[in-house]
Amino acid sequence: MRRSHLTIITLCSFIVLVFACQKDTPRPEERVLSLPENVYRYDSLNGQVSFDPFEGFQVNNHKATLGRVLFYETQLSINNRISCGTCHKQAYGFADNVQKSLGFMDIPTDRNSPAILNAGLQEAFFHDLREPILDNMVLQPIAHEVEMGLEDPDYMAAKIAKIPYYQELFSNAFGDSFISRERISEALVHFIRAMISVNSKFDIGKETNFVNFTEEELVGKELYFHGLPCSSCHGGNNLNGGSSAAENIGLDRWYSDRGTMDIDPVSLDSMNGWFKVPSLRNIAVTGPYMHDGRFRTLEEVVEFYNSGIQHHPQLSFMLRKNTNGGFFFLGEDPQDTYMNELTNIQPLRMHMSETEKRALVAFMKTFTDENFLRDERFSDPFQ
Ligand code: HEC
Ligand code: HEC
């Protein structure tokens, strides 16, 4: 037999095997939807803060209820196997506890699943900030060839229209039971906009002069806001710097995933290694960390900032020891610039003691909002 034939046969048996071995997920009809008698209030806050985490957005309780069902709807994937909630799990702050989540065909995603919270306080989505508009964002995972694989939006709407419980949910939300991609997107947006987390120990501390903090947490807080540059990027109401900016934190000398890929307006170089500054809310439960999930624990992240920041020509100035002013050297060959900068850039070395590292981690654990992680309103309504 020719070698190529053998290869084809091996490949075919492999594909057959993959299909045969797929996990037995319950058929969609076997999942029973259970919603509360009276619709949940999504337009009110669980917690008290001095800013408006809705950013003026009026959440409609019926639209958010529909959005919740859609968020956990496995029939939004082409083979009815996974939902948004498969990769964005409530117990992990709506992130996933694996480095790369598996899509509908068990193929890993390119990046680590980020936490979902306080969308109103963010200006753009995805690790590379490529989508500024939430309404455009929410349907993308459904159509994505690795994530949910339901590429045709009309087929998606038709599929949802065939499921009996959606008639009433759409009527409650929109006044009639017409089902369209726009309405599916709108409902998901209302649910995601309602996913607000502002009830952490840190939030309560801010309102009460931190009398609820331990000695160690106070030491960590001081380091975070004053001793170290953390809050220059992860500060503000949402612990994400107040806007959704991208930064290069020197994870690598060469980035295989280049991140934002925007063009820097000063140097006209393409940005490399710039990723979204994430909110650190619920950070203790959203690991693994970074766009590629390379760090398993907060201790590993802290050790990276302490001693592991790499030389990189586009390393953020906040993470350099010395700066030469300006972003890059105008008009220089990128390779020259790289070499030139390499000799001049000194990545910051933080020289933290073991006690300080532990305090910083303890402080970041105060960002956990237990209510949010257990809030019924955001839980899986299928049983
Ligand atoms: C197979 C896993 C998977 C599924 C299913 C999935 N996501 Fe995601 N989600 C990801 C990954 C990975 C990213 C980051 C992608 C990137 O940055 O390029 C992401 C990013 C996001 C973000 C951006 C968060 C931020 O702060 O930038 C939101 C919001 C989101 N997903 C919502 C959803 C919704 C809504 C659904 C269902 C319609 C969904 N996801 C389905 C894996 C998944
Ligand atoms: C120059 C801005 C900047 C500074 C200063 C900074 N960070 Fe970050 N941080 C980022 C960016 C950008 C990422 C995301 C990188 C990625 O996804 O690859 C990040 C990621 C993280 C993460 C992982 C978040 C996640 O969801 O995966 C933690 C934890 C963190 N930083 C803590 C800190 C601490 C603690 C300090 C201070 C010692 C600090 N950061 C200083 C920009 C910064």
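This is a dialogue about reading the two ligand sites of a predicted model.

Colleague: Where should I begin with ligand 2, and which residues come nearest to it?

Modeller: Begin with the shell of residues around the ligand, which here holds 24 residues, and of these Cys230, Cys233, His234, His291 and Tyr305 come nearest to ligand 2. By character, that shell divides into 19 nonpolar residues, three polar and two charged.

Colleague: Which polar atoms of the protein lie 2.7 Å from atoms of ligand 2?

Modeller: A polar backbone atom of Met290 is 2.7 Å from an oxygen atom of ligand 2, while a polar side-chain atom of Tyr305 lies 2.7 Å from one of the ligand's nitrogen atoms. In addition, an N or O atom in the side chain of His234 is 2.8 Å from a nitrogen atom of ligand 2. As for the elements, those that give two or more residues to this shell are α11 (230-233), β2 (275-276), α12 (298-308) and α14 (354-365), and α12 gives the most, with three residues.

Colleague: Which protein atoms are donors to the iron atom of ligand 2, and how should I read the geometry of the site?

Modeller: The general idea is to compare the angles with ideal values, which at a metal are 90 or 180 degrees for six octahedral donors. In this case the iron atom has six donor atoms with angles of 86 to 180 degrees among them, and its site is octahedral. The protein donors are NE2 of His234 and OH of Tyr305, lying 2.0 Å from the iron atom. This pair links distant parts of the chain, given that His234 sits in the loop between α11 and β1 (246-247) and Tyr305 in helix α12, 71 residues apart.

Colleague: Are His234 and Tyr305 buried or exposed?

Modeller: Both His234 and Tyr305 are buried, and the term here stands for a relative accessible area under 20%, computed with protein chains only.

Colleague: How many residues surround ligand 1, and which side chains offer polar atoms to its oxygen atoms?

Modeller: The shell around ligand 1 has 28 residues, with Cys84, Cys87, His88, Phe126 and His127 coming nearest, and it divides into 15 nonpolar, nine polar and four charged. From the side chains, an N or O atom of Arg130 is 3.0 Å from an oxygen atom of ligand 1, and a polar atom of Lys276 lies 2.9 Å from an oxygen atom of the ligand. The backbone contributes too, since a backbone N or O atom of Phe126 lies 2.7 Å from an oxygen atom of ligand 1. The elements that give two or more residues to this shell are α3 (84-87) and α5 (140-143).

Note on methods: Residues are numbered from 1 along each chain as its sequence is written. Chains are lettered from A and ligands numbered from 1 in the order in which they are written. This is a predicted model: local features need pLDDT of at least 70, side-chain atom pairs count only at pLDDT 80 or more; totals for chains, interfaces and linings use all residues. Side-chain values use heavy atoms; hydrogens and water are left out. A residue is near a molecule or strand if one of its heavy atoms lies within 4 Å of it. A polar contact is a pair of N or O atoms within 3.5 Å; within protein, one must be able to donate a hydrogen and the other to accept it, and residues adjacent in sequence count only if both atoms are side-chain atoms. Helices (H or I, at least four residues) and strands (E, at least two) are DSSP runs, numbered from the N terminus. Ala, Val, Leu, Ile, Met, Phe, Trp, Tyr, Cys and Pro count as nonpolar, Asp, Glu, Lys and Arg as charged, and the others, Gly among them, as polar. Donors are N, O and S atoms within 2.8 Å of the metal (3.2 Å for Na, K and Ca); water is not among the atoms, so sites may look incomplete. Four donors count as tetrahedral if all angles lie between 85 and 135 degrees; four count as square planar and six as octahedral if opposite donors are over 155 degrees apart and all others between 65 and 115; anything else is irregular. Buried means under 20% relative accessible area, exposed over 50%, partly exposed in between (1.4 Å probe, protein chains only).
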